[in-house]
Amino acid sequence: MRNWQKLLIVPLLLAIWSQQALAECSLDRLDVRGPWGSARFSVELADDPGERSQGLMHRENLARSAGMLFVYETAGPVSFWMKNTLIPLDMIFADQRGVVTRVHSRAIPGDLTPIDGGDGVLVVLEINGGLAEALGISVGDELRHPALGPEAAWFCDR
């Protein structure tokens, strides 16, 4: 291959890689990474008060690679309960940088006991109960999603 051909191929490859990176970031997907590796979830967004209050209530099942991402306007204290929720859930609480600050495992269906997410929470990922432990998701891991801005530890450029 000649030098001028290489000069044409390099920008093309960079453009392709950039498009792949952009394609990986979308509102309906969330990535989690930590020392254990990484995982991707298809997520439904709950980003307004009505959607957040409904959450995953009345669902009889949830695909293994699916979840719901609760997004708040500003970081602060949050609390959840399991009213009208039929399946056990893990709740992964993260700050404005997308860093996991707390993991609540296997929330009990129907339980009205408040589940404290702590202070400074901007997003909460709900997934099937026991899955966070099975994957190894823990405090300090990082989330990637467009709802987390440029200050995110794992920036999602969409």
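**Exercise 1. Work out how E2 and E3 pair, and then place them in the whole sheet.**

Start with the pair itself: E2 and E3 run parallel and are joined by five bridges. Two strands count as paired if DSSP finds at least two bridges between them. Strands (E, at least two residues) and helices (H or I, at least four) are DSSP runs, numbered from the N terminus. For a concrete contact point, look at Leu-45, which stands opposite Leu-69 in E3.

A quick word on the ground rules. This is a predicted model, where local features need pLDDT of at least 70 and side-chain atom pairs count only at pLDDT 80 or more, while totals for chains, interfaces and linings use all residues. Residues are numbered from 1 along each chain as its sequence is written, and side-chain values use heavy atoms, with hydrogens and water left out.

Now zoom out. The chain has seven strands and three helices, which follow one another from the N terminus as α-β-β-α-β-β-β-β-α-β. The seven-strand sheet is open, with mixed pairing and the order E5-E4-E6-E3-E2-E1-E7. E5 and strand E7 (142-144) each have a single partner strand, so one side of each lacks a neighbour in the sheet. From one strand to the next, the twist averages 30 degrees.

**Exercise 2. Describe the hairpin of E4 and E5.**

First, direction: E4 and strand E5 (residues 100-107) run antiparallel, joined by five bridges. Next, pick a bridge: Ile-92 has Val-103 as its partner in E5. Finally, check the turn: five residues lie between the strands, and Gly-98 takes a positive phi near 80 degrees.

**Exercise 3. Find two residues other than glycine with positive phi, and say where they sit.**

Take His-58: its phi is near 70 degrees, and its place is in the loop between helix H2 (49-54) and E3. Then take Asn-84, with phi near 60 degrees, in the loop between E3 and E4. Asn-84 has 35% relative accessibility, so it counts as partly exposed (buried is under 20% relative accessible area, exposed over 50%, partly exposed in between; 1.4 Å probe, protein chains only).

**Exercise 4. Take apart the largest nonpolar core, then follow Leu-30 and Phe-41 through their contacts.**

Step one is the definition: a nonpolar core is a set of buried Ala, Val, Leu, Ile, Met, Phe, Trp, Tyr and Cys residues joined through side-chain atoms within 4.5 Å. The largest one has 20 residues, and Leu-30, Phe-41, Val-123, Leu-125, Ile-127 and Leu-143 are those with the most contacts inside it. Elements giving two or more residues include strand E1 (29-34), strand E6 (115-128) and helix H3 (131-135). E6 supplies the largest share, four residues.

Step two is Leu-30. This residue belongs to strand E1 and is buried, at 1% relative accessible area. Beyond neighbours within four places in sequence, Leu-30 has contacts (heavy atoms within 4.5 Å) that include Phe-41, Leu-69, Leu-125 and Leu-143. Leu-30 and Val-43 are 13 residues apart in sequence, with 6.6 Å between their C-alpha atoms.

Step three is Phe-41. Residues up to four places away aside, Phe-41 touches Leu-30, Val-32, Leu-125, Ile-127, Leu-131 and Leu-135, among others. Apart from this core lies another, of 18 residues, among them Met-68, Phe-80, Ile-87 and Phe-93.

Methods: Axes are lines fitted to C-alpha atoms, for helices over the stretch in contact, and angles run from 0 to 180 degrees between N-to-C directions.
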